Amino acid sequence: MPRAKKTEAAVEVKAAAPVEEKKAAKKAPAKKDAAKKPAAKKAAAPKAAAEERKVVIQYNGDEIAGTDLVDKAKADAGIKTAKSVVVYVRPEINKVYYVIDDNTFGNFDLF
């Protein structure tokens, strides 16, 4: 379907409308509230449900959770809190090696 061509009068009316709005906005006096209301506090956005992560290592009929390995590494090093704990598991030789905060190293038996 062919589009209808706009006439010059229609174009002139659209162009004149924004100018009139600007003039009306300038004439209206700005109202100031005598007592300012405090800004409404935004409600805290609900946190997304945390992703549950679980690692279980099974070898020769035994199993151990990954979080237990991290706890054992911290206990073996005598550290209660740490910024980073890296655990390396070698089930074929029954050993766990760990690095805590890039300066504490050690190992213990897996099972």
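Colleague: Which residue in S5 is the bridge partner of Val-99?

Modeller: The bridge partner of Val-99 in S5 is Phe-105. This is a predicted model, in which local features need pLDDT of at least 70 and side-chain atom pairs count only at pLDDT 80 or more, whereas totals for chains, interfaces and linings use all residues. Residues are numbered from 1 along each chain as its sequence is written, and side-chain values use heavy atoms, with hydrogens and water left out.

Colleague: What makes S4 and S5 a pair, and in which sense?

Modeller: Two strands pair if DSSP finds at least two bridges between them; S4 and S5 have six, in the antiparallel sense, so the definition is met. Strands are DSSP runs of E with at least two residues, and helices are runs of H or I with at least four, numbered from the N terminus. In the hairpin of S4 and S5, three residues lie between the strands, and Asp-101 takes a positive phi near 55°.

Colleague: How do you know that strand S3 (residues 85–90) is joined to S4?

Modeller: Six bridges join these antiparallel strands, and one of the partnerships is that of Arg-90 with Lys-95 in S4. Their hairpin has four residues between the strands, among them Asn-94, whose phi is positive and near 60°.

Colleague: Why is the pair of Tyr-98 and Phe-108 called tilted?

Modeller: Rings of Phe, Tyr and Trp (its six-membered ring) pair if their centres lie within 6.5 Å, and planes under 30 degrees apart count as stacked, over 60 as edge-to-face and the rest as tilted. Here the centres are 6.1 Å apart and the planes stand at 40°, so the rings pair and the pair is tilted. A search of the whole structure finds this one aromatic pair, which links Tyr-98 in strand S4 to Phe-108 in strand S5 (residues 104–109), ten residues apart.

Colleague: Why is Tyr-98 called buried, and what about Phe-108?

Modeller: Buried means under 20% relative accessible area, exposed over 50%, and partly exposed in between (1.4 Å probe, protein chains only). Tyr-98 has 4% and Phe-108 has 11%, so each qualifies as buried.

Colleague: What makes up the largest nonpolar core?

Modeller: Such a core is a set of buried Ala, Val, Leu, Ile, Met, Phe, Trp, Tyr and Cys residues joined through side-chain atoms within 4.5 Å. The largest one has nine residues, including Ile-57, Ile-64, Tyr-98, Phe-108 and Leu-110. Helix H2 (66–77) and strand S4 (95–100) are the elements giving two or more residues, and S4 supplies the largest share, three.
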